[in-house]
Structure formats: C-alpha cells, structure tokens
Amino acid sequence: MIIDCHGHYTTTPAAQKTFRQAQLAHLDDPSSAVPARPEITDDEIRATIEMNQLAYLRERGGDLMIFSPQASAMAHHVPDEPTAVEWAQVSNDLVHRVTRLFPAHFAAACQLPQTPGGDLRAVVTELRRCVEQLGCVAANVNPDPSGGYWTAPPMTDRYWYPLYEALVELDVPAMVHVSASCNPNFHALGAHYLNADTSVFMQLLEGDLFADFPQLRLVIPHGGGAVPYHWGRYRGLADRLGRPPLAEHLMHNVFFDTCVYHQAGIDLLTRVINADNILFASEMIGAVRGIDPETGFHWDDTKRYVDAADLTDDARRRIFETNALRVYPRLASSPPAS
C-alpha cells in the first residue's frame, strides 16, 4: 500500500469559499448578516475530488491520502476565537464528508481553531470532536498562529502541553504546519512554510519535550525544511549545547515527509535521514503545481522520486507504508466514523 501522509482539500466547492468570505466580512462589520453555513451536495464534493486529488492518486500509483483542510486557508492570524472555531468545524466537517464518500482513498486530519495567543481549550475540544466523532487520524498544529511574526511560545513551552496531553491520550500525531503569512518578508509557500519547519526542529533540539511526552509524534513536512541539508550543523549544535545525539534526543518522535520536488532533494533526504523517520507524501495540488520543464513530469509526483532513490526494497516499503501505519495507528484501528 502507498500511503500519502500530506494532502489538503485545495479544490473545495465554491460555497465553502463564499462562506469564509462572508464570515470574515461579518467579523469586519458585525451589523451585517451572520452567514449561514454552506450547503454543499455530495455530488459537488465528488466533482471536486474525482477529477483532482483522486485522479492523481490513482494515476501515480497511490492508495490512501491523509487529507486535511487547505493549510493556507486555516488563517489562524484572525484573532476571533468563535470565528476560528466555526471555520475549523466547517472545514473539518467537509473533509470528513470526503472520507465518507471515498473511504478507501482518504483519511482525515483536522484543522484546529488556533488564534494568536489564544487559550487552547477550544483547540483541544475540536481535536477531541474530530478524532472521536469524525474519525480523524491526525491534526495539523500551527507553531505560529500570528502568521509570520512568531508571537507564540516555542513548541517546547508548557503553553502547548494541554494539546500534547490530548494528542497522546487520543494516540494521534500532529503535523507541524503553518498557515498564511501576514509578514511581507516571508512568502507563504517559499519562505514561511520552510522557515517554520526548520525553526521548530531547532526548538525541539533545544528543549526536552519528548522527556515529558515520550509517546508524542510530530511530523515536520516539506522534507523537514532545511534540516536534512544542514544535518551536520544540527548534530554539531546538539553537541555544543550539551544535548543528546539527535538519534536519541528527537528521532524516536520526529518524522519528515517527502514533499520535496526534485530528485536530488529526495536523494539527499533518504541518504541523510534514517528511512524509519521518512513518510511518503506529495501535497498534490498544493504549493508546487504544474509540470517540471526539465523532466516533463508533475513537480508533486513525488512517488517517482522515491521509486528512483537508492533505497533497499525494505526501506522503500517503510517509507511508503509501514512507517505511516506506525505513526498514524488510527489508520488501522479507527476507520472514519459514520
């Protein structure tokens, strides 16, 4: 089985986007009408999935995608908690419907109603709803709800502990995934996302989070940001800062995906990082769309790169399947609820 651990519903029906625009307009002008939640038919959902993510999944040899709301649209920088809660619920309910229509091909991961500096009680409540009622197998956690200004405490801070406690109790991993960039210095897709991946790894290196949460599992997407390329730097910094070696300090709990869009990048990832810590992913119809003029293939056809990497059959199987079943145990034990 080929399990893709990183997909987003970037092709949502128009009514979903219209609702979000109306929701934000009401937030700007409370005297305006409160928007009703969008009415979207099953046929509309099928139309957005069958010709897009599902078609590519089948064409490229994938079997199952862990599917979550569009990352850039989470918009955690919007400070109103009730708005964030409703938007997360609407987004998660829609992804849940995808998993019910296509249960053999999609499993849900949820968006959380984070806000800058916000209390995590509503975040934990939505996490529990999504796992226990919607059958979600994971959650996306934004380390920077401010959208590029990094006003949140590091992910090793006790501020985050109520969320980690719930993740461990529910036995679901978190993908560390930022949303929109509000800082013009950081392009969302080319800088903000990769900066966050790299910054969080360094936060984890400096701290002792996994001493407190040995069962917590964090997936750092986009190939781990700059981390694999600078693996020697992080090993050296761990030594300089008196931290344990990375293999024992972090790599029982931290995993990188294969959302790296060229062969040389995948080759480096698979040579530097142990195969036990790599999860296959594509983020198809995401940040890097279209066809690479040098190869003639889609940039986000990442299975092609993993197939061509210098890996043993056993290592390739771990990357494609068995690591995901270990990191996301609810894939096997908790199929999506009705």
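Asp119 is partly exposed in this predicted model, with a relative accessible area of 39%, and the side chain of Asp119 meets that of Arg121 in a salt bridge in which N and O lie 2.8 Å apart. Arg121, on the other side of that pair, is exposed, with a relative accessible area of 63%. Elsewhere, salt bridges with shared partners join Asp93, Glu126 and Arg129 into one network.

Side chains of opposite charge can pair when their charged atoms come close. The count of salt bridges in the model comes to 17, and the pair formed by Arg97 and Asp42 is one of them, with a distance of 2.8 Å from N to O. Arg97 lies in helix α4, which covers residues 81-101, whereas Asp42 lies in helix α2, which covers residues 42-50, so this salt bridge ties together parts that are 55 residues apart in sequence. Arg97 is partly exposed, with a relative accessible area of 27%, and Asp42 also counts as partly exposed, at 33% relative accessibility.

Helix α4 also holds Asp93, whose partner Arg129 belongs to helix α5 (residues 121-132), and this pair links distant parts of the chain that are 36 residues apart. The closest N and O atoms of the salt bridge between Asp93 and Arg129 are 3.0 Å apart. Which of the classes buried, partly exposed and exposed does Arg129 fall into? Arg129 is buried, because its relative accessible area of 17% is under the 20% limit for that class, while Asp93, with a relative accessible area of 26%, is partly exposed.

The three pairs described above are set side by side here.

| Salt bridge | N to O distance |
|---|---|
| Arg97 and Asp42 | 2.8 Å |
| Asp93 and Arg129 | 3.0 Å |
| Asp119 and Arg121 | 2.8 Å |

A different kind of setting is found around Tyr9, which lies in strand β1, a strand made up of residues 3-9. Tyr9 counts as buried, at 2% relative accessibility, and when residues up to four places away in sequence are left out, Tyr9 touches a set of residues that includes Ile45, Thr48, Ile49, Phe67, Pro69, Leu94, Val95 and Val98. With one of these residues, Thr48, the side chain of Tyr9 makes a polar contact from side chain to side chain, at 2.5 Å. The C-alpha atoms of Tyr9 and Ile285 are separated by 8.7 Å, although the two residues are 276 residues apart along the chain.

The remaining part of this report concerns empty space. Rolling a probe the size of a water molecule over the atoms shows where empty space is left. The largest pocket holds about 360 Å³ of space. Of the 20 residues that line the largest pocket, Leu194, His222, Cys259, Val260 and Tyr261 are the closest to its centre. Which helix gives the most to the lining of the largest pocket? Helix α7 does, with 4 residues, and both α7 (188-206) and α11 (263-272) supply at least two residues each. Sorted by class, the lining of the largest pocket consists of 13 nonpolar, 6 polar and 1 charged residues.

The model also has 5 cavities of 30 Å³ or more. The largest cavity has a volume of about 80 Å³, and among the 13 residues that line it, those closest to its centre are Asp4, Arg60, Phe280, Met284 and Lys303. Helices α3 (53-59) and α12 (302-308) each contribute at least two residues to the lining of the largest cavity. That lining is made up of 5 nonpolar, 3 polar and 5 charged residues.

The second largest cavity contains about 60 Å³ of space. How many charged residues does the lining of the second largest cavity have? There are no charged residues in that lining, which has 7 nonpolar and 5 polar residues. The residues that line the second largest cavity include Cys5, His6, Gly7 and His8, together with Ile66, Ser68, Asn140, Met175 and Tyr328. Strand β1 gives the most to this lining, with 4 residues, and β1, β2 (64-69) and β4 (138-141) each supply at least two. Strand β1 is also the strand in which Tyr9 lies, and Ser68, one of the residues that Tyr9 touches, is among the residues lining the second largest cavity.

Definitions and conventions
Residues numbered from 1 in each chain as written. Predicted model: local features only at pLDDT ≥ 70, side-chain atom pairs only at ≥ 80, totals over all residues. Heavy atoms only, no water. 1 Å grid on protein atoms, 1.4 Å probe; cavity = no way out; pocket = protein on both sides within 12 Å on 5 of 7 lines; lining within 4 Å. Points joined across faces, edges and corners; volume = space filled by probe spheres on them. Nonpolar A, V, L, I, M, F, W, Y, C, P; charged D, E, K, R; others polar. Salt bridge = Lys/Arg side-chain N within 4 Å of Asp/Glu carboxyl O. Buried < 20%, exposed > 50% of the residue type's maximum accessible area, 1.4 Å probe, protein only. Contact = heavy atoms within 4.5 Å. Polar contact = N/O pair within 3.5 Å; in protein donor to acceptor, adjacent residues only side chain to side chain.
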